[in-house]
Amino acid sequence: MDERVSWGRVLAAVTCAATVSMLPVFLLGAAAPSLGADLHVDAGRLGIAVSAFWIAMALVGLVGGHVAHARGSRATTIAGIAIAVVSLVGLATAGSFAALVVFAVVGGAATALATPAGDMALFSVLPPERRGFAYGVKQASLPGASLLAGLGVPLVVLTVGWRWAFAAAVLVALPALIALPRRLPRPTVRSAAEPAARRAARPRGLVPVSTAVALAMAAVSATGGFYVVAAVAGGTAAPTAGFLLALGGVCGISGRFVASWRFGTAARPLLVCAGLMAAGGLGTAGLALTGSTGGLAAATVLACGAGWGWNGLLTQDVVASHPEATARASAAIMVGAAVGGVAGPALFGLVATGAGYTVAWLSAGGCLLLAAAVLVVREARRAPAPVSGATGHHR
């Protein structure tokens, strides 16, 4: 396979596939003020619908990595894209809150297949020196979906209606299908000379990492799902809220790319992730304490740039540390993300309904700070190990 051609095509395909699979949940949040009026969806119900997406992602994610390894990354990626299209079309035509929940579940299943398959595909074609760049781009799909959803508010939702926003999102599937090569190699398995005990022990190290991811994603998913409706409730005009969410998406894309590209060779990349989570926690809490558009924009930049910026670096580190089981390692982290995605929007919606958005934003910021603490403790307890290889991974 020609690396000069294939790795770029694979990167484009899996990034678009990941983006289209995340669009259902972000569009639900961005279009909430409009669809809420049509389908009688309040903050509590929106939290249920968004959480349904993440519940499906968690449950299907338990087998998503195994499916990718068994069926291959290409077939699994195509399946994820197809299911995402079904979700978007279903949401565009939904006539009730129950239908929103059903097709949100379908969208979560799409992400659970597309994510580990995409990580497996990238690892199979990328040389080590390109992984920081590529994973930064690929993991920018989540803030990329937020960017598209935010732009969709003033450009589509408020002009031709929220249903057309979901319908237009289907177009993101086309470049994914066009760019995806007909054949993808499997990742090269590490030499059998490596002690089996070391390989067997590695998965245990993912438990605290997955826990930290769950806490961080609880805040991230709540931010993506409730940003617009919370800003509007606080007095911000809907078009302004949409553009600010798009600004957050741009910052999230930049943050993930820069973190993965700049710190991908760090000896302890998870400590960098902890720092980003902590900074993002302060920014997320700041969303509750600002009363002006300028202040809200500043908090948004920090909340999304740092609070969403850790994911690509963390994923790159975990996948590169498990070359013999890339999709399974990716799926393990994704399950943690999905658990946080389940709890975050549901709890945020309940807290916002009962105590207001100020308390809800402060709680979300606290989740990111706690996630940072978990990673710091995990790294402090792990004995130092020499760096090996060009990628700087050492486990």
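## A nonpolar patch on the surface

In this predicted model, four residues make up a nonpolar patch on the surface: Ile-55, Leu-59, Leu-62 and Val-63. Together they offer about 370 Å² of accessible area. Take Ile-55, which sits in helix α3 (residues 43-71). With a relative accessible area of 39%, Ile-55 counts as partly exposed, because that value falls between the 20% and 50% cut-offs.

## Helix α4

Does the length of α4 come out short, long or as expected? The helix runs over residues 73-92, and at 1.5 Å a residue its 20 residues should span 28 Å; the end C-alpha atoms are 29 Å apart, so the two agree.

Plenty of α4 is tucked away from solvent, if you want to go looking for it in the structure. Its buried residues are Ser-73, Thr-76, Thr-77, Gly-80, Ile-81, Ala-84, Ser-87, Leu-88, Gly-90, Leu-91 and Ala-92. As a reminder, an α-helix has 3.6 residues a turn, so residues three or four places apart point the same way.

## The cores and helix α11

The largest nonpolar core has 101 residues. Those touching the most other members are Phe-166, Met-277, Trp-310, Leu-314, Phe-348 and Tyr-357. Helix α11 is the top contributor to this core, giving 15 residues. There's also a second, separate core of 17 residues, with Val-10, Val-14, Ala-121 and Leu-184 among them.

Back in the big one, what does Leu-314 touch beyond its neighbours within four places in sequence? Its contacts are Val-209, Val-213, Leu-270, Cys-273, Met-277, Ile-333 and Leu-375. Helix α11 (residues 206-233) is also home to Thr-223. That threonine has just 2% relative accessibility, so it counts as buried. Setting aside neighbours within four places in sequence, Thr-223 is in contact with Thr-284, Leu-287, Trp-308 and Trp-361.

## Two salt bridges around Glu-379

Side chains of opposite charge can pair when their charged atoms come close. How many salt bridges does this structure hold? There are two.

One joins the side chains of Glu-379 and Arg-268, at 3.8 Å from N to O. This pair ties together distant parts of the chain, 111 residues apart: Glu-379 is in helix α17 (residues 357-381), while Arg-268 is in the loop between α12 (238-263) and α13 (269-286). Glu-379 also forms a salt bridge with Arg-378, where the closest N and O atoms are 2.6 Å apart. Through shared partners, Arg-268, Arg-378 and Glu-379 end up in one network.

Are Glu-379 and Arg-378 buried or exposed? Glu-379 is buried, with a relative accessible area of 2%, and Arg-378 counts as buried at 12%.

Key
Residues are numbered from 1 along each chain as its sequence is written. This is a predicted model: local features need pLDDT of at least 70, side-chain atom pairs count only at pLDDT 80 or more; totals for chains, interfaces and linings use all residues. Side-chain values use heavy atoms; hydrogens and water are left out. Helices (H or I, at least four residues) and strands (E, at least two) are DSSP runs, numbered from the N terminus. Buried means under 20% relative accessible area, exposed over 50%, partly exposed in between (1.4 Å probe, protein chains only). Contact means heavy atoms within 4.5 Å. A nonpolar core is a set of buried Ala, Val, Leu, Ile, Met, Phe, Trp, Tyr and Cys residues joined through side-chain atoms within 4.5 Å. The expected span of a helix is 1.5 Å times one less than its number of residues. Patches are made of residues with over 30% relative accessible area and no salt bridge: like charges are joined within 9 Å, nonpolar side chains (Val, Leu, Ile, Met, Phe, Trp, Tyr) within 5 Å. Accessible areas come from the Shrake-Rupley method with a 1.4 Å probe; for residues, only the protein chains shown count as cover.
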